[in-house]
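Q: I'd like a close look at one small part of this model, with enough of its surroundings to place it. Could you walk me through it?

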Amino acid sequence: MTSTSTPGLARFNTSDDSTALAALHEVCASSVWGSKLLARRPYATVDELFAASDAAMAELDVKDLEEAMAGHPPIGRPKPGDPTSAREQRGMAGATEELKAEMLELNLAYQDRFGHVFLICATGATGEQMRDAMKARIGNTAEAEREIVRAELGKINRIRLTRLVETAEEEDRD
């Protein structure tokens, strides 16, 4: 799918700016990232859209990254009523009470250290894998952690952009 154009990509390319920007905001809360992707439309392929996303993510400054992270709930506490957040954090759904309590403590310690939520591409990860990643990353410098967060946001954005295009394709078939 990624190397070709799709009906969903065509819909995204031709939607009005406010609709496209709202869809991009659901992918990533950074207004700068969304504006950069909007400005580069139209995209001939999904790969071009991914490349633009990666380039825009690489250009975000600290403030823009903070804005992007603010759109993500803590691991283990998906946003109530948000199917995206619940789906992405599915690995915590069956976690033991002990693991949930440990994640809460780790989340608080991480947030105290770095000033933002722990961000990881949680899709497909178990609760234990997320806990282990947080334990491994909590000792990072702020600069090193910021670049890991940038990479994790990039992975999340790709998953969400794929879903955006697939959702639009399903609507086109209705």
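What is the relative accessible area of Glu 147?

A: Happy to. Glu 147 has a relative accessible area of 43%, which makes it partly exposed. On this scale buried means under 20%, exposed means over 50%, and partly exposed is what lies in between, using a 1.4 Å probe and protein chains only.

Before going on, a word on the ground rules. This is a predicted model, in which local features need pLDDT of at least 70 and side-chain atom pairs count only at pLDDT 80 or more, while totals for chains, interfaces and linings use all residues. Residues are numbered from 1 along each chain as its sequence is written, and side-chain values use heavy atoms, leaving out hydrogens and water.

Back to Glu 147: its partner is Arg 150, and the closest N and O atoms of their salt bridge are 3.0 Å apart. A salt bridge here is a side-chain nitrogen of Lys or Arg within 4 Å of a carboxyl oxygen of Asp or Glu. Both residues sit in helix H9, three residues apart, so about one helical turn separates them. Helices are DSSP runs of H or I with at least four residues, numbered from the N terminus. An α-helix has 3.6 residues a turn, so residues three or four places apart point the same way. The two ends of the bridge are not alike in burial: Arg 150 counts as buried at 14% relative accessibility, whereas Glu 147 is partly exposed.

Other pairs put this one in context. The whole structure holds eleven salt bridges. In one of them, Arg 137 and Glu 145 meet with an N to O distance of 2.5 Å, and both of these residues are buried. Another joins Asp 132 to Arg 131 at 3.0 Å, N to O. There Asp 132 is partly exposed at 40% relative accessibility, and Arg 131 is buried at 18%. These two also belong to a network of salt bridges with Glu 102 and Lys 135.

Helix H9 (142-173) also has a nonpolar side to its story, as one of the elements that give two or more residues to the largest nonpolar core. Such a core is a set of buried Ala, Val, Leu, Ile, Met, Phe, Trp, Tyr and Cys residues joined through side-chain atoms within 4.5 Å. This one has 42 residues, and those with the most contacts inside it include Leu 153, Leu 161, Met 130 and Trp 33. The largest share, six residues, comes from H4. In soluble globular proteins, nonpolar side chains tend to be buried together.

Helices H1, H2 and H3 give two or more residues to this core as well, and their burial is one-sided. In helix H2 (residues 17-27), Ala 20, Ala 23, Leu 24 and Val 27 are buried. They line one face of H2, because seen down its axis they fall within an arc of 100 degrees, the arc being that of the directions from the helix axis to the C-beta atoms. On the other side of H2, Ser 18 and Glu 26 are exposed. Helix H3 (residues 31-39) buries Trp 33, Gly 34, Leu 37 and Leu 38. These four cover an arc of only 130 degrees, so they lie on the same side of H3. In H1, the buried residues are Gly 8, Leu 9, Phe 12 and Asn 13, which share a side of H1 because their arc is only 140 degrees.
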